[in-house]
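Trainee: Could you take me slowly through one part of this structure, the pairing of charged side chains? I would like to see how each pair is placed before we look at anything else.

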Amino acid sequence: MLAKTLTVCCLLALTVPTLAEVGWWRTAQFYQIYPRSFKDSDGNGVGDLNGITQQLAYLKEIGITATWLSPIFTSPMADFGYDVADFYQIDPLFGSMEDFDNLLARAKQLDIKIILDFVPNHSSDECDWFKRSAAGEAEYKDFYVWHTGKVVNGIRQPPTNWISVFRGSQWTWHEGRQAYYLHQFLAKQPDLNYRNPKVVEAMKDVLRFWLRKGVYGFRIDAVPHVFEIAADNNGNWPDEPRNEYVSDPLDYAYLNHIYTTNQPETIDLVYQFRSVLSDMDRELGGDDRVLLTEAYAPLDVLMQYYGNSTHNGSQIPFNFELLSNINFNSDAYHYSELLHNWLDNMPAGQVANWVLGNHDSSRIGSRLGADRIDATNMLLLTLPGISVNYQGEEIGMTDVWISWEDTVDPQACQSNQQEFERLTRDPVRTPFQWSDETQAGFTTGNVTWLPLADNYKLVNVKRERGIALSHLNVYKQLRALRDEPTLKQGDVTVNALGPNVLAFKRSLAGHKSYITVLNINDDVESVNLDSVFTELTSQLRYVVVNDKSVRRKNDLTYANSVLLMPKEAIVLSTV
């Protein structure tokens, strides 16, 4: 069968002069920590900053370059920190500013960079800015999006039909202000008004504050939601059109969100944030600071996040092609197509990134199957560019079923007992599994904020360290391989060899080539790599194998006849 093929040079000519310096982030390993669930240092069942500090050595062990922390700022926790009440303070649940300084100092000792989660779209309704805006103070009156609504048959109604991501209207009436305020998420998360230059400058000041504290950048949350379409001359907005495939009028997907997401001004704001980082690079010196942007958006929009001929943008616009589109039944052609999507469309001089998990998405082992965990980690770590790993994927953690009664995620709690399992994100946020000891070594307390996985005695760091081909040790081998020049700088050629086998070759003149081969299904397969890759040696050496393999590291095989067991995932090299 003809293979789909793609070759991409990873060292293309740089088009923007200020990108000429090859940054540390271009081949980095990023690791997302969800602080509530990483490590609890004080026994209250909730993870904290001191717990992260205690376990930073683990990140060094698995070769992490930088870690981004989900929000740690002062918050009433209506959305577990994504509702920020004070952008300049640490929430006491996680610790103090002194604890954060200690975390930064320890990270510096280990050469691990700290990245913070920055939530620009909204604040908490308990933020001082919102209270002042609601009171009509001149300085803050237009910090948020307000409207008196419309009166229909004598009844006051919201100004538009816009629906919240968390169900129901995006508009909530405020008695004090006698107006509706906009919130694309919870009512306790009022949207900031980025058409007010004072808001833009206030948020830039937040970035400057934390950069001067010593963080190396930000993961920017929910970027597509930051702007809505501009109001007309009468101060009104249009309704959004129906999505005929959804019948629940309270469901976010009931409408097509053409006026409340992915507005063109969003791109410029990303460029402005990047300019702040560039200014701070000049002020502070040292390694360059980075932006990681979360945007579920059309591919042509995402590519604009990188920048253009006159402006630098986000170095790492998250690539959710695989995360959003690969499913249990996807074949190798589908995988190949999604890899093509990013590599074919990426602007010259930019760097690919690969994201296969996060705190909002079902875990790899549950979404794709526990027997594909090693294969997905091989994808993540041997493709060119940047890897982004969510805590626990390296040890093969899976989703934990949590009952309606125990569910705490507001996205699910805003629904009902019939719908909550489709919406809840709690199953992917359960405590990290450090050992087979009580409470998985996560806490010394008697309770955890979310239930532990039943399988923690089998799936944990301590146990997997001692098993040669555990998910953890396969991950560590792959990470070590990323230091090879070929994997740092080499080209990539991607092939789907029939529906069941995906393979890609990394090559660099003067160095060994490496070929990742994944059998994603349950048939024994024999593949001829010579037929789809050029310049292979007649024999190839096994460099990394998983527990499905009958071969061992350093064994040899012929390039024209590589036998693959069901769900086997391997990395080969030329000899």
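Mentor: This is a predicted model, and counting over it gives 32 salt bridges. Side chains of opposite charge can pair when their charged atoms come close. A good place to look closely is R425, which forms a salt bridge with D360, with 3.2 Å between the closest N and O atoms. This pair links distant parts of the chain, since R425 sits in the loop between α13 (420-423) and α14 (461-465), while D360 sits in the loop between β15 (353-355) and α10 (364-367), and the two are 65 residues apart. With a relative accessible area of 9%, R425 counts as buried because that value is under 20%. D360, in contrast, has a relative accessibility of 28%, so it counts as partly exposed, its value lying between the 20% and 50% cut-offs.

The side chain of R425 also meets that of D409 in a salt bridge, at 2.7 Å from N to O. Here too the pair links distant parts of the chain, with R425 in the loop between α13 and α14 and D409 in the loop between β16 (386-390) and α12 (410-413), 16 residues apart. D409 has a relative accessibility of 0%, and therefore it counts as buried. If you now step back from the single pairs, you can follow a network of salt bridges that links D79, D360, D409, R425 and R429.

For another pair to set beside these, turn to D483, which forms a salt bridge with R479, the closest N and O atoms being 3.1 Å apart. D483 is partly exposed, because its relative accessible area is 44%, whereas R479, at 15%, is buried.

Charged residues also turn up in the strands, and β18 (residues 501-507) is a useful one to trace, as seven of its seven residues are buried. V501, A503, K505 and S507 point one way from β18, while L502, F504 and R506 point the other way. On one side of the pairing, β17 (residues 491-496) runs antiparallel to β18 over six bridges, and D491 stands opposite S507 in β18. Six bridges also join β18 to β19 (residues 514-519), again in the antiparallel sense, and there K505 stands opposite I515 in β19.

Finally, you may compare this with a lining that holds no charged residues: that of the largest cavity, whose residues divide into seven nonpolar and one polar.

Notes
Residues are numbered from 1 along each chain as its sequence is written. This is a predicted model: local features need pLDDT of at least 70, side-chain atom pairs count only at pLDDT 80 or more; totals for chains, interfaces and linings use all residues. Side-chain values use heavy atoms; hydrogens and water are left out. Ala, Val, Leu, Ile, Met, Phe, Trp, Tyr, Cys and Pro count as nonpolar, Asp, Glu, Lys and Arg as charged, and the others, Gly among them, as polar. Buried means under 20% relative accessible area, exposed over 50%, partly exposed in between (1.4 Å probe, protein chains only). Helices (H or I, at least four residues) and strands (E, at least two) are DSSP runs, numbered from the N terminus. Two strands pair if DSSP finds at least two bridges between them. A salt bridge is a side-chain nitrogen of Lys or Arg within 4 Å of a carboxyl oxygen of Asp or Glu.
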